[in-house]
Amino acid sequence: MKLENDTGKDIIEPRLHLVAWEITRRCNLFCAHCRGSSENEQYEDELSIKECYQLIDEITKVGKPILILTGGEPLARVDVLEIAKYGINRGLRVVMGTNGTLITKEIAAKLKKVPISRLAVSLDFPSPELQDKFRGKSGAYQEALGGIANAIEAGIEIQINSTITKLNVEYLPDLLKISIDLGAKSFHPFMLVPTGRGKNLAEQELSPQQYEDVLNWIYDKQLELGGSFFFKPTDAPHYMRIIKQRQKESSQSGNNGSFPINNPMQTITRGCLAGTGFCFISHRGNVQGCGYLDVAAGNVRKQPFSEIWANAPLFVHLRDISNIKGKCGVCEYKRICGGCRARAYESTGDYLEAEPYCVYEPPHWKKDRSR
């Protein structure tokens, strides 16, 4: 819904669809791209189970979003299944982001019993040697495949996540094929945002033109697959522009440029959802627009989550897209795209600046620059 007033503001009405919750920062792997620079150690001052229950109660005051339990490695937290069960009992759909290496048959059965609706398992390379090197542990590839097999056998939906850089962009077709062959429900390439340990991969980030090429390839493949398999990029808000551009081209040529989506876990809504439909909660209770935008909107130990979501200055700023600067600010696609606020922040120190990895130049921007 679009809200405007005489102040010139252009507000996106917040509707909380997704909450990613870093239930623990501890992890049994040492991945090259890790947002949280996680290590296999007990982190001090993580939210207690009582605080976790209170937080879930607060989230349900805002709505009934999908709750993504992530980390670190969420299965490294001993009471994670109790927390997940509590969320489900409060009416939330609970899913989990995991590296897959800890999913034994016994754990898979427990996850199904909770029940966890879906597991998003990280797989970045189509070979053991490359995956193990990227994930910092020998055997990580085979353990992840074993975990996926155990989860599917237990009746849990699987989603494959891959962080895409120059190191593995050439393997995208292979990763898509593996996802389909394994029996996953969807494949989500995550376009690298170099934060945490991932800053060491900054030189491996795709160029703006490579982003454009990859996102067009993804569109073509999703069109080819139709409704048989869902394939969506993450951390790439300008994909929404590409969808609109490609659909317009298709309609002008008389072709059907759309693809069916019929699963609530597989919706494409807006590009950057930070503070409008999505937020991230850290292991110590910091609330952020997303896990990559390292700016705290508040902390649930100091203020109820519902108040943070409604009134935090960070979220108020993000919801008013008239605040967005540079070419993103004059772009005709900014309502559906918004640009990656995390990349803007990492590149400039200002989360309202233009998305630095988008090649598109809006007509108004070209006009202004030509003066």
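**Exercise 1. How do two helices cross?**

At roughly what angle do the axes of α4 and α5 cross? Work it out, then say how the two helices sit relative to each other.

*Solution.* Keep in mind that you're looking at a predicted model.
- Step 1: The axes of α4 and α5 come within 7 Å and cross at roughly 100°.
- Step 2: Angles of 65 to 115 degrees count as roughly perpendicular.
- Step 3: α4 and α5 are therefore roughly perpendicular to each other.
- Step 4: Now look at who meets whom. On the α4 side you'll find Pro128, Gln131, Asp132 and Arg135, and they meet Ala140, Tyr141 and Gln142 of α5.

**Exercise 2. Get to know α5**

Compare the reach of helix α5 with its expected span, then find what covers its buried residues.

*Solution.*
- Step 1: Helix α5 runs over residues 140–154, which makes 15 residues.
- Step 2: From first C-alpha to last, α5 reaches 21 Å, close to the 21 Å expected at 1.5 Å a residue.
- Step 3: Pick out the buried residues of α5: Ala140, Tyr141, Ala144, Leu145, Gly147, Ile148, Asn150 and Ala151.
- Step 4: The cover over these buried residues includes helices α3 (105–113), α4 (128–135) and α6 (172–182), along with strands β6 (118–122) and β7 (157–164).
- Step 5: Step just past the end of α5 and you hit glycine 155, which has a positive phi of about 90°.

**Exercise 3. Sort some salt bridges**

The structure holds 23 salt bridges. Take three of them and decide where the partners sit and whether they are buried or exposed.

*Solution.* Here's the background: side chains of opposite charge can pair when their charged atoms come close.
- Step 1: Start with glutamate 58 and lysine 61, whose side chains meet at 2.8 Å, N to O. Both lie in helix α1 (residues 49–62), 3 residues apart, about one turn of the helix.
- Step 2: Check the burial of this pair. Buried means under 20% relative accessible area and exposed means over 50%. Glutamate 58, at 14%, is buried, whereas lysine 61, at 62%, is exposed.
- Step 3: Next, arginine 241 and glutamate 212 form a salt bridge with their closest N and O atoms 2.8 Å apart. This pair links distant parts of the chain, with arginine 241 in helix α8 (residues 239–252) and glutamate 212 in helix α7 (residues 208–225). Both of these residues are buried.
- Step 4: Last comes glutamate 355 with arginine 343, at 3.7 Å, N to O. Glutamate 355 is in the loop between α12 (341–348) and α13 (363–370), while arginine 343 is in helix α12, 12 residues away. Again, both partners are buried.
- Step 5: For a bonus, spot the network: Glu22, Arg25 and Arg35 are joined by salt bridges that share partners.

**Exercise 4. Explore the nonpolar cores**

Which residues of the largest nonpolar core touch the most other members?

*Solution.*
- Step 1: The largest nonpolar core has 85 residues, and the ones touching the most other members are Trp21, Leu67, Leu111, Leu119, Phe305 and Phe315.
- Step 2: The helix that gives the most to this core is α7, with 6 residues.
- Step 3: Zoom in on phenylalanine 305. Leaving aside neighbours within four places in sequence, its contacts are Leu16, Leu55, Glu58, Ile59, Val62, Cys279, Ile281, Val287 and Val300.
- Step 4: There's also a second, separate core of 5 residues, with Ile12, Ile321, Ile324 and Ala354 among them.

Key: Residues are numbered from 1 along each chain as its sequence is written. This is a predicted model: local features need pLDDT of at least 70, side-chain atom pairs count only at pLDDT 80 or more; totals for chains, interfaces and linings use all residues. Side-chain values use heavy atoms; hydrogens and water are left out. A salt bridge is a side-chain nitrogen of Lys or Arg within 4 Å of a carboxyl oxygen of Asp or Glu. Helices (H or I, at least four residues) and strands (E, at least two) are DSSP runs, numbered from the N terminus. Buried means under 20% relative accessible area, exposed over 50%, partly exposed in between (1.4 Å probe, protein chains only). The expected span of a helix is 1.5 Å times one less than its number of residues. Contact means heavy atoms within 4.5 Å. A nonpolar core is a set of buried Ala, Val, Leu, Ile, Met, Phe, Trp, Tyr and Cys residues joined through side-chain atoms within 4.5 Å. Axes are lines fitted to C-alpha atoms, for helices over the stretch in contact, and angles run from 0 to 180 degrees between N-to-C directions. Angles under 35 degrees count as roughly parallel, over 145 as roughly antiparallel, 65 to 115 as roughly perpendicular and the rest as oblique.
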